[in-house]
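Biologist: Before the terms in this description are accepted, I should like each one set against its definition. May we go through them in turn?

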Amino acid sequence: MISGLRKFVRFLTIYGLGRSLFKAAGRLRIGLPTLALRRPAPDIGLIGCGQFAFATIGYFIQNAFGPRIRACYDIDPRAQQSLARSQRVRSTPASVAEMLADPRLRTIYIASNHASHTDYAVQALEAGLTVYVEKPIAVTGDQLVRLLRACRGPDSRIFAGYNRPFSGAVRRLRAEMPIVPDGGITLSCFVSGHQLAEDHWYRRPEEGTRICGNVGHWLDLMVHVLSWRGLPDRLDIALSWSRNDEPDDNASVTITSDRGDLFTVILTSRCEPFEGINETINLQHGETIAKIDDFRHLTVWRGSRLLHKRFWPKDVGHRLAILQPFQQEATRAWEEVVLSSLLMLRITDMVRARERLATFSFSEARTRINQQIEAT
Ligand SMILES: NC(=O)c1ccc[n+]([C@@H]2O[C@H](COP(=O)([O-])OP(=O)(O)OC[C@H]3O[C@@H](n4cnc5c(N)ncnc54)[C@H](O)[C@@H]3O)[C@@H](O)[C@H]2O)c1
């Protein structure tokens, strides 16, 4: 109780009142009033009614549009009913098929367990709906093939929940950093992640390891940042882990490229971070040196020039990422998500096989998957 109150007070200083109340409401499953002025007719379906769906997706949708979620589904009826009650969701269908039959739905948000994302996304795309799918978009190569096959149509609209590229710090860094076309980029991410219990669902074999569950975020950020200059093709990948029985935790991924890039991510979770996941990101390119401190501060040095910017509330990019189906303020190429997913799946295979070194080519991986998509 005291720890909960202390956390709430700490969150107020990090996220501000509205988001902190929503985070607490998500744990307690209680409703909060909506202040949004724009109130479009409810046309959103939500699959997965856990903490992220409630406190982050639910928060940013309610904040922008009021109670726009029309239907929600979860395999756990308590999660489904409590989210529906708290966020004034009218319909609680017994299955996703029943939800997708509602002609008033336009957009589907998927925030269920990782192994289920692809199937739900494919079903929603086939029903002609816009899809926002949380990360990862697939946990196997076969799933990725099926998803890409389903979104080949000219009218397909799909967005992924990789939010870091939408953060204020990353977008400001892009604006501040002159690109050197033949210059390498060094990017380093140190992540204090959540401690996961032995029986946490992220750890189930079919869920794709913490590489799909967590590390994919920084692989995707790497692809995004390298795309500013132009992606390299060939990568050398080196993995290290501190315990052989847990190769996806307290582990590092180091990547060098044929364009002189150097990327590293360390995911460590030896204790539970009281304030939630905490990230320190450092970058060098051309004359630019930059540091992102937990998406709360950005410092950029370029020669004698110094920029320091504070982001309050902390901005990890969730608002713009979640509102992708509805906003034009910040967009990103879906192809970046496809390429980062191919890389993530390769590294997932390495972790499963306890393979420490590998090479990877974006163009070869893309060609291979294109062939699989085309094959009937
Ligand atoms: N982008 C981010 O920063 C971020 C942060 C946290 C979580 N997430 C993502 O959000 C999703 C949910 O994570 P969470 O933290 O809310 O976990 P959670 O455990 O709180 O919620 C998951 C919910 O999915 C439900 N579920 C499980 N299997 C299902 C199925 N087959 N069909 C429908 N519902 C099912 C569970 O009953 C549960 O209510 C995950 O994909 C996770 O990776 C993203």
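Biologist: Why is Ser 112 called buried?

Modeller: Ser 112 has a relative accessibility of 16%. Buried means under 20% relative accessible area, exposed means over 50%, and partly exposed lies in between (1.4 Å probe, protein chains only). At 16%, Ser 112 therefore counts as buried. This is a predicted model in which local features need pLDDT of at least 70 and side-chain atom pairs count only at pLDDT 80 or more, whereas totals for chains, interfaces and linings use all residues. Residues are numbered from 1 along each chain as its sequence is written, and side-chain values use heavy atoms, with hydrogens and water left out.

Biologist: Where is Ser 112 found, and with which residues is it in contact, its neighbours within four places in sequence left aside?

Modeller: Ser 112 belongs to the loop between strand E3 (107-110) and helix H5. Helices (H or I, at least four residues) and strands (E, at least two) are DSSP runs, numbered from the N terminus. With neighbours within four places in sequence set aside, Ser 112 is in contact (heavy atoms within 4.5 Å) with Ile 47, Gly 48, His 117, Tyr 120 and Trp 201.

Biologist: What makes the approach of the Ser 112 side chain to that of Ser 116 a polar contact?

Modeller: The distance between these side chains is 2.7 Å. A polar contact is a pair of N or O atoms within 3.5 Å; within protein, one must be able to donate a hydrogen and the other to accept it, and residues adjacent in sequence count only if both atoms are side-chain atoms. The pair of Ser 112 and Ser 116, at 2.7 Å, is accordingly listed as polar.

Biologist: Which side-chain N or O atoms lie at polar distances from oxygen atoms of the ligand?

Modeller: For His 318 the separation is 2.8 Å, for Trp 201 it is 2.9 Å, and for His 117 it is 3.0 Å. The protein covers 79% of the 840 Å² of accessible area (Shrake-Rupley method, 1.4 Å probe; for residues, only the protein chains shown count as cover) that the ligand has on its own.

Biologist: How many residues surround the ligand, and how are they divided by class?

Modeller: There are 26, a residue being near if one of its heavy atoms lies within 4 Å. The closest are Phe 52, Asp 74, His 114, Tyr 120 and Lys 135. The shell has nine nonpolar, 12 polar and five charged residues; Ala, Val, Leu, Ile, Met, Phe, Trp, Tyr, Cys and Pro count as nonpolar, Asp, Glu, Lys and Arg as charged, and the others, Gly among them, as polar. Helices H2 and H5 (117-126) each supply at least two residues of this shell. Domain 1 (2-160) and domain 2 (165-316 + 330-374) each give at least three, their bounds coming from an automatic or database domain assignment.

Biologist: How far apart are the C-alpha centres of the two domains?

Modeller: The centres of domain 1 and domain 2 are 25 Å apart. Their contact takes 31 residues from domain 1 and 26 residues from domain 2.

Biologist: Why is Ser 82 buried?

Modeller: The relative accessible area of Ser 82 is 8%, so the residue is buried. Ser 82 lies in helix H3, where the buried residues also include Leu 83 and Ala 84. Strand E1 (44-47), helix H2 (51-65) and strand E2 (69-73) are among what covers the buried residues of H3. The side chain of Ser 82 also reaches the backbone oxygen of Arg 78 at 2.7 Å.

Biologist: What is notable about phi in Arg 88, and is this residue buried or partly exposed?

Modeller: Phi of Arg 88 is near 50 degrees, a positive value in a residue other than glycine. Arg 88 lies in the loop between H3 and helix H4 (96-100) and, with a relative accessible area of 44%, is partly exposed. Asp 294 has a positive phi near 55 degrees, but at 2% relative accessibility Asp 294 counts as buried.

Biologist: Which peptide bonds are cis?

Modeller: One is the bond from Lys 135 to Pro 136, with omega near -10 degrees. The bond from Trp 312 to Pro 313 is also cis, with omega near -5 degrees.
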